[in-house]
Amino acid sequence: MKKIIIEGNNELSGTINISGAKNSAVALIPAAILSDDIVTIYNVPNISDIDTLCEILVFLGAKIEKKESTLKIDARDIKNREISEENSKKLRASYYIMSALFGRFKEATMYFPGGCSIGPRPIDQTLKSYRSLGAYVTEEGSKYNIKTSAIKGGHVYLDMPSVGATVNTLLAAVKADGETIIENAAKEPEIVNIATFLNNMGAKIVGAGTSEIRIDGVSKLGKAVIEIIPDRIEAGTYLIAGALVGKNLKIDNIIPEHIDALISKLKEMGFKMEVGNDYVEISSIDELKPVRIKTLGYPGFATDLQQPIVTLLTQCSGKSYIDETIYETRYKNIPYLNEMGALIEIKDGQHFTISGPSDLIGKEVTATDLRAGASLVLAGLKAKGKTTINEVEHVLRGYENIVEKLSSVGAKITIMDDIN
Ligand code: EPU
C-alpha cells in the first residue's frame with residue numbers, strides 16, 4: 001500500500017499539463033481487439049488501469065509496443081480466452097474486452113466487472129443490448145457467457161444514458177450484419193473519441209455525441225490511429241486545486257468546452273478565470289458564494305467531479321447543496337473531510353449540505369475510491385499542517401503522475417510505501 005503526504009496551505013502557480021482521458025483510453029484499448037491490423041493510440045495516460053488492460057490483452061495474445069504515451073497494438077493473433085475473475089474485477093472497463101471479444105468471435109466469457117465502490121453498478125443495459133443483437137446470455141454466479149451464431153443489427157433503447165452500455169453496444173455491434181440503433185445513448189466526449197477510432201478502422205458509426213447513434217455493421221476493420229482526448233476529470237480536479245490555493249495556475253492541453261459545467265459553477269462562486277482555446281487559468285479568491293450542484297450525464301455537471309468539488313464547497317460562505325443523481329453512495333470522502341474540519345451533512349446518500357467556510361486541518365485519512373482520493377488530496381493542499389492519505393492506489397488508477405504534477409507547481413507532496 002502507498003500513502004501520499006501533503007504539507008498544506010502552499011500556493012500553486014505555474015502550468016499543469018493534462019494527460020489523455022482515462023475513460024477514453026480504457027475503451028480504446030479493448031477496441032483494438034476488433035481490428036484485423038495494427039492500431040496506434042496516442043496520448044495514453046500512464047495509470048494503473050491501463051497497465052491492467054494491457055496485461056489482459058497480452059494474456060489474450062496481443063503484441064503491445066509502448067513508447068512514452070503511444071501504444072501500438074497488434075491483436076491479429078489473439079485467442080478467445082476466458083478472462084480470470086481476478087482481472088475482471090480489477091476495473092470497470094474489463095467488460096469492454098468482453099464486448100470486443102464478442103464482436104470479433106461471436107462469443108465471450110467473463111466475470112462481473114469491478115470499479116469503484118460508489119453504489120450499485122448493474123450491467124443489465126449491456127446484457128439487454130447483447131440480447132438485442134441476437135446473443136444468448138447465460139449467467140452462472142458472477143460469470144457470463146454471451147454467444148451467437150451471427151451478430152445481427154438491432155434496436156437498443158437504453159433505460160438511462162449509460163456510458164458503459166453505449167460503449168459495449170458500439171463494440172459488440174460494429175461488425176454486426178445490418179444496422180444497429182442506440183437510443184438514449186450517452187453523449188460523453190469519450191463516446192465520440194471511441195466512435196472516431198472505430199470509424200478510423202473502417203466502421204460506419206454516425207451520431208456519436210448525440211442521444212441516437214446509428215451503426216451500420218461492416219465485415220472487416222483495419223489499421224487506424226487515434227489520439228486520446230484530454231482527461232476532463234483530471235483537468236477539473238486541478239482547476240479546483242487552483243480555486244483552492246492557486247495563483248495564476250494554468251491548466252493546459254485541455255478542451256475547455258468539456259468542463260463548461262464546472263467553469264460555470266466556479267463563475268457562480270465568484271472566480272474569474274482566463275479561458276483560452278486549450279487552457280484555463282485560475283487564482284484563489286477570498287469570498288466564495290455558495291452554490292447548488294446536481295450531477296448529470298454530459299453536458300451536465302460530471303459525477304466524477306462531485307467528490308472533488310465538495311472539498312471546494314467547504315470554503316464557500318453559507319450553505320451549498322449537492323444532488324448526486326448518478327450514484328447512491330458516492331460520498332465516502334465526506335466523513336474524512338469532516339474529520340479535517342468541514343461541516344458536511346449527508347442527508348440520504350445522494351443529497352449533501354455543506355456549510356462553510358471551514359478551516360481545514362491536516363489529518364490522517366484514507367482514499368476509499370478514486371475520486372474520494374482526489375477530494376482528499378485537494379483537502380490536503382488547502383489544509384493547515386500535514387495530511388496523510390492512505391491507500392492511494394485508488395488515486396493512481398486514474399491520475400497520471402499526480403505527485404510530480406502537483407510538486408512542479410509548488411505543492412509539498414510526497415508518495416511512499418506504507419510499511420505498516
Ligand atoms: N446503470 C444501470 N444499469 C446499467 C448501466 C448503468 O442501472 O446497465 C446505472 C449505474 O448504476 C449508474 C448510472 O446508470 O447509476 C450510470 O452508469 P454508467 O453506465 O453511465 O457508468 P459507467 O459506464 O459504469 C462511466 C465511467 C465512470 C463515470 C460514469 C458516469 C468509465 C470506465 N467509467 O462509468 O467513471 O462515473 O461513466 O459518467 O468510463 C470515474 O472515472 O471515477 C468513474 C467512476
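**Figure 1. The whole chain and its surface.** Accessible areas here come from the Shrake-Rupley method with a 1.4 Å probe. On that basis, this predicted model has an accessible surface of about 16,400 Å² for the chain, and 47% of that belongs to carbon and sulfur atoms. Looking inward, 56% of the 420 residues count as buried.

**Figure 2. How the chain is built and how much room it takes up.** You'll find 14 helices and 23 strands here. The C-alpha atoms fit in a box of roughly 65 × 45 × 40 Å along the principal axes. A compact globule of 420 residues would have a radius of gyration near 22 Å, and the chain's 21 Å agrees with that. Take the contacts with a separation of 6 or more: 72% of them come from residues 24 or more positions apart.

**Figure 3. Charges across the chain.** There are 48 positive and 54 negative charges to spot. Average the positions of each set, and the two means lie 2 Å apart.

**Figure 4. A close look at helix H9.** H9 covers residues 260-269, and its buried residues are Leu262, Ile263, Lys265, Leu266 and Met269. Why do they sit on the same side of H9? Because they cover an arc of only 160 degrees around the axis. As a rule, an α-helix has 3.6 residues a turn, so residues three or four places apart point the same way.

**Figure 5. What H9 packs against, and what follows.** The buried residues of H9 pack against two helices, H8 (232-245) and H10 (306-313). Strands S15 (274-275), S16 (279-282) and S17 (292-294) are packing partners too. Right after H9 comes Gly270, with a positive phi near 115 degrees.

How values were computed
Residues are numbered from 1 along each chain as its sequence is written. This is a predicted model: local features need pLDDT of at least 70, side-chain atom pairs count only at pLDDT 80 or more; totals for chains, interfaces and linings use all residues. Side-chain values use heavy atoms; hydrogens and water are left out. Buried means under 20% relative accessible area, exposed over 50%, partly exposed in between (1.4 Å probe, protein chains only). Helices (H or I, at least four residues) and strands (E, at least two) are DSSP runs, numbered from the N terminus. The arc is that of the directions from the helix axis to the C-beta atoms. Contact means heavy atoms within 4.5 Å. The radius of gyration is taken over C-alpha atoms; the globule rule is 2.2 Å times the number of residues to the power 0.38. Lys and Arg count as positive and Asp and Glu as negative; His and the chain ends are not counted. The place of a charge is taken as NZ of Lys, CZ of Arg, CG of Asp or CD of Glu.
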